[in-house]
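Please examine the sequence together with the three-dimensional structure shown here. The paragraphs that follow are meant to be read with both in view.

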Amino acid sequence: MKDLPLIIGSHVSMSGKDMMEGSVREALSYGANTFMLYTGAPQNTRRKPVSELHIAQAQRLMEENRISSFVVHAPYLINLANTVKPETYEASVRFLIEEARRTRLMGSSLLILHPGSHVGAGAKEGIKSIVRGLNEVLSQSSDVCIALETMSGKGSEIGRSFEELAAIYEGVSLNHRLRVCFDTCHTHDAGYDIAGNPDGVLAQFDRVLGLDQIAVFHINDSKNERGAAKDRHADIGEGKIGFEPLNYLVRLPEFSHIPHILETPWYPDPDHPGKTLPPYRREIAWFRAGRQSGL
């Protein structure tokens with residue numbers, strides 16, 4: 001297989017006085033050439049004004065280091081599938097419109113979204129609600145695509161199958177602005193054989209949605225057996241998927257133009273008990289080399 005330059009990075013934080021500029025510095029410290037961030041804490045709606053995010057400084061630093069793109073992840077509390085609590089749905093629509101605006105102003109064209117959970121109303125009703133919400137969000141925003149994430153299937157999550165994502169596509173009127181974030185841990189946990197037959201999984205995805213709809217990968221190993229529907233990420237090579245299948249996916253030439261984002265857990269610092277270290281620098285180096293070196 002011909003080696004192509006990898007677009008690979010990780011989730012990075014955005015905090016402190018330097019905000020997004022600090023995010024770029026963190027990505028560079030890992031040897032990354034892309035990254036993913038949240039526009040604020042993923043667990044709440046508190047957001048600093050865009051004018052305080054050091055966007056211009058971050059963009060200059062990206063240009064100096066040839067980072068051409070990054071992606072934004074929507075907060076977890078957005079749930080367009082909730083028909084049980086209308087107030088949750090309405091707040092989710094309003095917040096997602098605002099997150100799309102912030103994503104555009106920060107300089108990204110891709111906002112990753114967990115499709116949502118139907119909280120007992122059933123997948124059919126949940127999908128109808130997601131479609132309604134996305135139609136409203138996309139009609140009130142521009143220049144940003146929403147990337148629906150493949151989900152593990154825990155609880156009442158929607159997006160555990162490629163067919164559920166396709167059903168959302170079918171209902172959204174502006175579906176040319178939908179994309180998919182393919183999470184390897186989630187897909188494995190949902191029952192797809194990423195470890196044993198990655199080509200077969202991609203062929204199935206291609207039949208249902210088309211490989212051109214994958215706009216970003218989340219590259220994560222899994223602590224669970226295939227089909228466990230639990231969503232517990234593992235460090236690369238330490239889970240039930242393993243390094244080789246993930247390395248194979250990362251190096252596929254048809255995806256060489258899109259970001260590959262690591263969301264793997266921090267590991268214990270052997271020299272400082274109680275502290276943890278990010279795994280991203282070593283994992284990025286492994287994927288660039290095509291092997292797990294220094295073990």
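The text below goes through charged pairs, a buried threonine, packed helices and two loop residues.

The structure is a predicted model, in which local features need pLDDT of at least 70 and side-chain atom pairs count only at pLDDT 80 or more, while totals for chains, interfaces and linings use all residues. Residues are numbered from 1 along each chain as its sequence is written, and side-chain values use heavy atoms, with hydrogens and water left out.

Charged side chains are a convenient place to begin. Side chains of opposite charge can pair when their charged atoms come close. Such a pair is called a salt bridge when a side-chain nitrogen of Lys or Arg lies within 4 Å of a carboxyl oxygen of Asp or Glu. The whole structure contains 11 salt bridges. One of them joins K17 to D18, with 3.3 Å between the closest N and O atoms. Another pairs E21 with R25 at an N to O distance of 2.8 Å. These residues do not stand as separate pairs: K17, D18, E21 and R25 are linked in a network of salt bridges.

Where do E21 and R25 lie? Both belong to helix α1 (residues 19-29), four residues apart, which is about one turn of the helix. Helices here are DSSP runs of H or I with at least four residues, strands are runs of E with at least two, and both are numbered from the N terminus. The members of the network can also be described by their accessibility. A residue is buried under 20% relative accessible area, exposed over 50%, and partly exposed in between (1.4 Å probe, protein chains only). K17 is exposed, at 68%, R25 is partly exposed, at 41%, and E21 is buried, at 14%.

A further salt bridge is found in helix α3 (residues 86-106), where R101 and E98 are three residues apart, or about one helical turn. Their side chains meet with 2.7 Å from N to O. Both ends of this bridge are partly exposed, R101 with a relative accessible area of 35% and E98 with 28%.

The next residue to find is T150, in the loop between β5 (145-149) and α5 (162-171). Is T150 buried or exposed? Its relative accessibility is 2%, so T150 counts as buried. Contact means heavy atoms within 4.5 Å. Leaving aside residues up to four places away in sequence, T150 touches G159, F162, L165, V180, C181, F182, D183, H186 and T187. With D183 there is a further detail: a polar atom of the T150 side chain lies 2.9 Å from the backbone nitrogen of D183.

Helix α5, which follows that loop, also packs with helix α4. Two packed helices are described by the angle between their axes and the distance between the axes. The axes of α4 (residues 123-139) and α5 come within 9 Å and cross at roughly 45°. This makes α4 oblique to α5. The axes are lines fitted to C-alpha atoms, for helices over the stretch in contact, and angles run from 0 to 180 degrees between N-to-C directions. Angles under 35 degrees count as roughly parallel, over 145 as roughly antiparallel, 65 to 115 as roughly perpendicular, and the rest as oblique. In α4, the residues A123, I127, I130, V131, L134 and N135 meet E164, A167, I168 and G171 of α5.

Helix α8 (residues 243-250) is largely enclosed by the rest of the structure, because six of its eight residues are buried. These are F243, P245, L246, N247, L249 and V250. Their cover includes α6 (184-189), α7 (198-208), β7 (214-219), β8 (221-222), β10 (260-262) and α9 (280-289). Within α8, N247 has a relative accessible area of 7%. N247 touches F287 and G290, not counting residues up to four places away in sequence.

Finally, two loop residues deserve a look for their backbone angles. R66, in the loop between α2 (55-64) and β3 (71-73), has a phi near 60°, a positive value in a residue other than glycine. A229, in the loop between β8 and β9 (233-234), likewise has a positive phi, near 55°. R66 is exposed, with a relative accessible area of 78%, whereas A229 is partly exposed, at 26%.

Definitions and conventions:
Polar contact = N/O pair within 3.5 Å; in protein donor to acceptor, adjacent residues only side chain to side chain.
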